[in-house]
Amino acid sequence: MKVSFPHMGNAYIALSSLLSNLGAEVIVPPRPTRKTIDIGALHAPEFVCLPFKVNLGDNLRSLQMGADTLAMVSGMWACRFGYYGRVQHQILRDAGFEFDSILLGRDGIGYVYNKFRPTVEGNLTLGWFRAFRHFKRKAEAVDKLEIKSRQIRPFEGRRGSTSRALTEGLSLIHEAPSLEQIDAALSGALGLLEDVELDRDREEPLRIAVLGEIYAVLEPSLNFDIERRLGEMGVMSYPVMSVYKWLFRPLKTDPRITIDEYRARRIAKPYIAYVLGGEEHQTIAGTINAARSGYDGVLHLYPFTCMPENICRTILPRIESEFDIPVLNLCLDEHASPTGVATRLEAFVDLLRQRRRKRPPARIMKARS
Ligand code: SF4
């Protein structure tokens, strides 16, 4: 079985480990580029949301690289994500490709479990157990590295040194085959980040919460690597989502994620009473929490035609004025340019710096109890 899946930030590290421990050959498509987006846009319906086009481009490249099985997280959500897997796979079959599908969340658990019966050596339950442990350990290791790099990047002495150390550290984790080696790779990778030369005399960095549609927040090819850009501008970014949360949210194995979600829904309830199927509660609650925690601003990222985030877009101006926190809304589609995004970011950061000079960073806004 040659399995592949579309990219979502650094999720490929944990997912590759899961599938290879289940005995499958894993085909990881190249990181999405403009070319991937163009290929996806060529085959996708024009007004579908941008992540669909990127995923479709990834899947197409995987099939061209020899994948015979495509795995995709799917589900019953109210937004279009619930249909991504089925519609994308149908488009690819119509284009002449032959392959098998694994639609996680749509296919029953028994079907997915048994799918790997021919590939797992020995007991299937033990095979899944081992694969899940590796998957979890790698997801946690990647999360730790991402957090660490976010903390040090605004202070790096030489621009790009944190990103280089992070890339090296991630590949150590990706290549580690056993639990012990994953732990050793994590220590080595954290060491690489600790060796980055820092300039601690810099002024306290601005703090910006980054939220919105999950793919737009987590996939650097879609958001023009916004986390790196912010860090290199001397800004500490705090994404409300993470790849780790995205992977473990549906599995419900980490109570912290479930509690966070419950809290977000409670905080967002006065503004948005229904589940729309995306990250709407995290967007609204994340903006309110950012204001209450004294952040300098909020960056709201969303794909053009994204239903839940366009609804949030109409609610955020009210929160912005009630809680007195600046919000930059960045709408992304296949025509967005890195220069356009960089210009808007620079203007926003300038505005926040001026605002910071007038107000101390320690303020805690409590416009609403
Ligand atoms: S959340 Fe938005 S961008 Fe993501 S699948 Fe749903 S509609 Fe599309």
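Two strands pair if DSSP finds at least two bridges between them. Keep that in mind as you work through this predicted model.

**Exercise 1.** Find the order of the strands in the open sheet that contains β5, and name its edge strands.

*Solution.*
- Step 1: Trace the pairing across the sheet. Its four strands come in the order β6-β5-β7-β8, and they pair in parallel.
- Step 2: Look for strands that pair on one side only. These are the edge strands, β6 (235-239) and β8 (327-332).
- Step 3: Check the twist. On average, neighbouring strands of this sheet are turned by 25° against each other, with direction ignored.
- Step 4: Zoom in on one pair. β5 (residues 206-212) and β7 (residues 297-303) run parallel and are joined by five bridges. Here Leu 211 stands opposite His 300 in β7.
- Step 5: Add the helix. α14 (residues 280-292) packs on the sheet and touches β5, β7 and β8. The direction of α14 makes about 165° with that of β5.

**Exercise 2.** Now describe the open sheet that contains β1.

*Solution.*
- Step 1: Four strands form this sheet in the order β2-β1-β3-β4, with parallel pairing.
- Step 2: β2 (25-27) and β4 each pair on one side only, which makes them the edge strands.
- Step 3: The average turn between neighbouring strands is 30°, direction ignored.
- Step 4: Three bridges link β1 (residues 2-4) with β2 in the parallel sense. Val 3 has Val 26 as its bridge partner in β2.
- Step 5: α4 packs on the sheet, touching β3 and β4, and its direction makes about 160° with that of β3.

**Exercise 3.** Test whether the length of helix α4 agrees with 1.5 Å a residue, then explore its surroundings.

*Solution.*
- Step 1: α4 covers residues 81-94, which is 14 residues.
- Step 2: The expected span is 1.5 Å times one less than the number of residues, so α4 should span 20 Å.
- Step 3: The end C-alpha atoms of α4 are 20 Å apart, which agrees.
- Step 4: List the buried residues of α4: Gly 82, Tyr 84, Gly 85, Gln 88, His 89, Ile 91 and Leu 92. They pack against α2 (34-43), α3 (50-64), β3 (69-73) and β4 (100-104).
- Step 5: Look past the helix. Gly 96 follows α4 and has a positive phi, near 105°.

**Exercise 4.** Sort the shell around the ligand by residue class.

*Solution.*
- Step 1: Pick out residues around the ligand, among them Cys 49, Arg 80, Phe 81, Tyr 84, Glu 213 and Met 307.
- Step 2: Ask which helices contribute. α4 and α15 (307-323) each supply at least two shell residues.
- Step 3: Count by class. The shell has nine nonpolar, no polar and two charged residues.

Terms used:
Residues are numbered from 1 along each chain as its sequence is written. This is a predicted model: local features need pLDDT of at least 70, side-chain atom pairs count only at pLDDT 80 or more; totals for chains, interfaces and linings use all residues. Side-chain values use heavy atoms; hydrogens and water are left out. Buried means under 20% relative accessible area, exposed over 50%, partly exposed in between (1.4 Å probe, protein chains only). Contact means heavy atoms within 4.5 Å. Axes are lines fitted to C-alpha atoms, for helices over the stretch in contact, and angles run from 0 to 180 degrees between N-to-C directions. A residue is near a molecule or strand if one of its heavy atoms lies within 4 Å of it. Ala, Val, Leu, Ile, Met, Phe, Trp, Tyr, Cys and Pro count as nonpolar, Asp, Glu, Lys and Arg as charged, and the others, Gly among them, as polar.
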